[in-house]
Amino acid sequence: MINANTLYSALAPYGFETTANVCYGSWRNYAVSILNAQYSIFQLSFAVRADKKDKDLAKGLRAELRQQLGKGLSTVLNLGSALQFAYRFDGKTPLVDQFVRAADAIAAALSAHGLNPAATCAVCGGGTPDSLCVVNTYQPVHAACMHQKLETAKEQAMENKENGSYLTGTLGAILGALVGSLIPILVLIGTNVISAFLYALVPLAAMFGYRHFKGKSDKISIVIVMLISILFVAIIDFVYLAHLFQQYFHASFFQGLSLAFQNLGSLDQWFDTGVLTSDILKSLLFMALGIVFSWGYLTKTSSAEVKTTATLLETMRPNPMFSQDYAQSENPAPQQSQQFFWNGQG
Ligand SMILES: [Zn+2]
């Protein structure tokens, strides 16, 4: 397994830097970011301006690059603002050599497809982006656009702090969870099976509701959303129980509900409680999975947003393509020579 830090530090002589878990720099004028996907597989993202709807582009690039790079190259994704290549490094040859080979092949293939290095701002789309910055991937941007983004995030956080309300948020979360719960319930009624994975929708729908009802966005909001999610998962499970009673007695759905309610204390007389317990555990498990998968969204509170944007700003560097413009701005460009400092390794 290739350690991310080993790869990242091996690329330092080429001017690549690392912030948090992302490594970023320029390669043949492409803004490139590198992220460890899993094990020895790294996502290499090259900033371009591609047509996101072009399905054949990624396919074509993959086929061409596999001929040159072999099975080390797995998936190719067209993100529109970047093309993302999943590449597996091995421990046989120096990492730098592998990167240079892969990055050169990718840059050549992109160029052959008419995809030049992105030359417009990833935020506003305008020309002459004076800087490079990690946005989702490493992208050319206007420094002013990124500062504006931070200001907006700060203003929104301030606005939310002053005007956000736990009460309206909780109301929104309940409505959201209600809608999120209707889906597994309707599927249950329609198909007679409970699809456990649909429980994963509940926390997501609850947070969506919370946000849209001007809920105060902080850590407490996450707790509120989770509690409401658990409550609604319990409600879905109760409806599921009512459905079992309804089928057992060939009764109506509402009779099923009332039977479920009356017999809540003596379920073992009617059903295999082992199966019931496992169904309930399954529902909680899938709800938890929903929380795990949407964690990024759930914890995207307004103060976290400010922090994230501020962290992104730390990755901002002059865009070598337009460095002249950058030199005239407030922040002086760093010495070019340090980008090609060799430490004798690799
Ligand atoms: Zn811009």
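**A tour from the core outward**

Begin by selecting Val-48: leaving aside its neighbours within four places in sequence, this residue is in contact with Ala-82, Leu-83, Leu-110, Leu-115, Pro-117 and Ala-118. Contact here requires the C-beta atoms of two residues, placed from the backbone, to lie within 7 Å. The model is a predicted one, in which local features need pLDDT of at least 70 and side-chain atom pairs count only at pLDDT 80 or more, while totals for chains, interfaces and linings use all residues. Residues are numbered from 1 along each chain as its sequence is written.

Next, select the core around this starting point. Val-48 belongs with Val-32, Leu-44, Phe-46, Ala-47, Leu-83 and Ile-106 to the residues with the most contacts inside the largest nonpolar core, which has 48 residues. Helix α3 gives the most to this core, with seven residues. A nonpolar core is a set of buried Ala, Val, Leu, Ile, Met, Phe, Trp, Tyr and Cys residues joined through C-beta atoms within 7 Å. A residue is buried if 20 or more other C-beta atoms lie within 10 Å of its own, exposed if 12 or fewer, and partly exposed in between, with C-beta atoms placed from the backbone. Helices (H or I, at least four residues) and strands (E, at least two) are DSSP runs, numbered from the N terminus.

Apart from the largest core lies another, of 27 residues, including Ala-177, Tyr-199, Met-207 and Met-287. Colouring by domain is useful at this stage: the chain is divided into domain 1 (4-118) and domain 2 (164-300), with bounds that come from an automatic or database domain assignment. Taken over C-alpha atoms, the centres of domain 1 and domain 2 are separated by 42 Å.

Now select residues 166-191, helix α5. This helix has 26 residues and reaches 37 Å from its first C-alpha to its last, close to the 38 Å expected; the expected span is 1.5 Å times one less than the number of residues. Which residues of α5 are buried? They are Gly-169, Thr-170, Gly-172, Ala-173, Gly-176, Ala-177, Gly-180, Ser-181 and Pro-184. Their cover includes α6 (201-212) and α7 (219-249). Just after α5, Asn-192 takes a positive phi of about 70°.

Two further stops concern the same backbone angle. Most residues other than glycine have a negative phi. Lys-214, in the loop between α6 and α7, has a positive phi of about 55° although it is not a glycine. Lys-214 counts as partly exposed because it has 17 C-beta neighbours inside 10 Å. Thr-128, in the loop between α3 (95-112) and β7 (131-134), has a positive phi near 45°.

From Thr-128, move on to the strands. An open sheet of three strands has the order β8-β7-β9, with antiparallel pairing. Because β8 (138-141) and β9 (317-318) stand at the edges with a single partner strand each, one side of each is left without a neighbour in the sheet. Strands β7 and β8 pair over four bridges; pairing requires DSSP to find at least two bridges between two strands. Select Ser-131 to see one bridge: its partner in β8 is Val-141.

The last stop is Phe-16, in the loop between α1 (4-10) and β1 (17-19). Is Phe-16 buried or exposed? Phe-16 is buried, because 22 other C-beta atoms lie within 10 Å. Not counting residues up to four places away in sequence, Phe-16 touches Tyr-8, Leu-11, Cys-23, Tyr-24 and Gly-25.
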